[in-house]
Amino acid sequence: MVRLNKIYTRTGDAGDTGLVDGSRVSKADPRLKAIGDVDEANSAIGLAALKLRDEAHGAMLKRIQNDLFDLGADLATPGEDFAPSETSLRIVQAQIDRIEREIDRLNEALEPLKSFILPGGAGGAAELHLARTIVRRAERTAVEASAEASLNPLALVYLNRLSDHLFVLARAVAASAGGDILWEPGATRV
């Protein structure tokens, strides 16, 4: 259980921070960069959720936001054992399976793509595209961090699948608000 009585601790004033096991690392450590990008993605998803009118879509995003806190804890837990325990919160296959089922369900109702999509759209689609690009960055920084430290491989899979989820959800939202904004190759050439 998390309990925060005091928000500032002064323990990070020298530019380092604590991991779940109590070890200290630089705030510039690749692992911390990935955690920060996951946190930013979570915030962007929260902003996107404010624009959505469909309760089922909002519920999906709320579950994802909870998953991203799990993922942040996972990234902050050093070690080689990626099994969840009372002291280690880890991303598990069931979380990936759930978002894959949601992707499939959302995608069934969509027309096949015949062009790339410009990242925009009404009703929260633009915000979902922005969140998707931040998730992609989080994935890149987590992959970079995994070159220096052991990270849960399922955390990386989750991030990869999440960007797909946000893309398909953005398309579903756009479909109910006028449709995708399609790329027109060369349309602005003089």
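# Exercises on a predicted helical model

Val-20 sits in the loop that runs between strand E1 (16-18) and strand E2 (24-26). The structure is a predicted model, and the exercises below start from this loop residue before turning to the helices.

**Exercise 1. Decide whether Val-20 counts as buried, partly exposed or exposed, and find which residues it is in contact with.**

Solution. Begin with the relative accessibility of Val-20, which is 47%. Buried would require a value under 20% and exposed a value over 50%, so Val-20, at 47%, counts as partly exposed. Next, set aside the neighbours within four places in sequence; Val-20 is then in contact with Ala-73, Ala-76, Thr-77 and Thr-87. Finally, for a distance across the model, take Leu-130, which is 110 residues from Val-20 in sequence and 30 Å from it in space, C-alpha to C-alpha.

**Exercise 2. Describe the overall make-up of the protein: which helices and strands does it have, in what pattern, and what does its C-alpha trace span?**

Solution. Counting the elements gives five helices and two strands, and reading along the sequence gives the pattern β-β-α-α-α-α-α. The C-alpha trace spans about 55 × 40 × 30 Å along its principal axes. Of the 190 residues in the protein, 38% are buried. As for contacts between residues at least 6 apart in sequence, 73% of them join residues that are at least 24 apart.

**Exercise 3. Check the end-to-end spans of helices H1 and H5 against the expected rise, and identify what lies at the start of each.**

Solution. Take helix H1 (residues 30-51) to begin with: its 22 residues, at 1.5 Å a residue, should span 32 Å, and because its end C-alpha atoms are 32 Å apart, the two values agree. The expected span uses one less than the number of residues. At the N-terminal end of H1, Asp-29 acts as a cap, with a side-chain oxygen 2.8 Å from the backbone nitrogen of Arg-31.

Then apply the same rule to H5, whose 23 residues should span 33 Å; the end C-alpha atoms of H5 are 34 Å apart, which agrees. At the start of H5, a side-chain oxygen of Asn-152 comes to within 2.9 Å of the backbone nitrogen of Leu-154.

**Exercise 4. Work out how helices H4 and H5 are oriented with respect to each other, and which classes of residue make up their contact.**

Solution. The starting point is the geometry: helix H4 (residues 125-146) packs against helix H5 (residues 153-175) at an angle of about 170°, and their axes are 9 Å apart. Angles over 145 degrees count as roughly antiparallel, and H4 is therefore roughly antiparallel to H5. On the H4 side, the residues making the contact include Ala-125, Leu-128, Val-135 and Ala-142, while those on the H5 side include Leu-159, Leu-166, Leu-169 and Ala-174. Sorted by class, the contact of H4 with H5 has 16 nonpolar, four polar and four charged residues.

**Exercise 5. For Leu-169 and Ala-174, establish whether each is buried or exposed, and which residues each is in contact with.**

Solution. Leu-169 is found in helix H5, and its relative accessibility of 0% places it in the buried class. Beyond its neighbours within four places in sequence, Leu-169 is in contact with His-57, Leu-61, Leu-106 and Leu-128. The C-alpha atoms of Leu-169 and Met-60 are separated by 9.5 Å, although these residues are 109 residues apart along the chain.

Ala-174 also lies in helix H5 and, at 4% relative accessibility, counts as buried. With neighbours within four places again left aside, Ala-174 is in contact with Ala-125, Gly-179 and Asp-180.

**Exercise 6. Classify Asn-42 and Arg-98 as buried or exposed, and list the residues in contact with each.**

Solution. Asn-42 has its place in helix H1, and its relative accessible area is 6%, so Asn-42 is buried. Leaving out neighbours within four places in sequence, Asn-42 is in contact with Gln-65, Leu-68 and Phe-69.

Arg-98 is found in helix H3 (residues 93-108), and with a relative accessible area of 15% this residue is buried, because the limit for that class is under 20%. On the same terms of sequence separation, Arg-98 is in contact with Arg-63, Ile-64, Asp-67 and Tyr-158.

Methods. Residues numbered from 1 in each chain as written. Predicted model: local features only at pLDDT ≥ 70, side-chain atom pairs only at ≥ 80, totals over all residues. Heavy atoms only, no water. Axes fitted to C-alpha atoms, helices over the stretch in contact; angles between N-to-C directions. Helix = DSSP H or I, 4+ residues; strand = E, 2+ residues; numbered from the N terminus. Parallel < 35°, antiparallel > 145°, perpendicular 65-115°, else oblique. Contact = heavy atoms within 4.5 Å. Nonpolar A, V, L, I, M, F, W, Y, C, P; charged D, E, K, R; others polar. Polar contact = N/O pair within 3.5 Å; in protein donor to acceptor, adjacent residues only side chain to side chain. Buried < 20%, exposed > 50% of the residue type's maximum accessible area, 1.4 Å probe, protein only.
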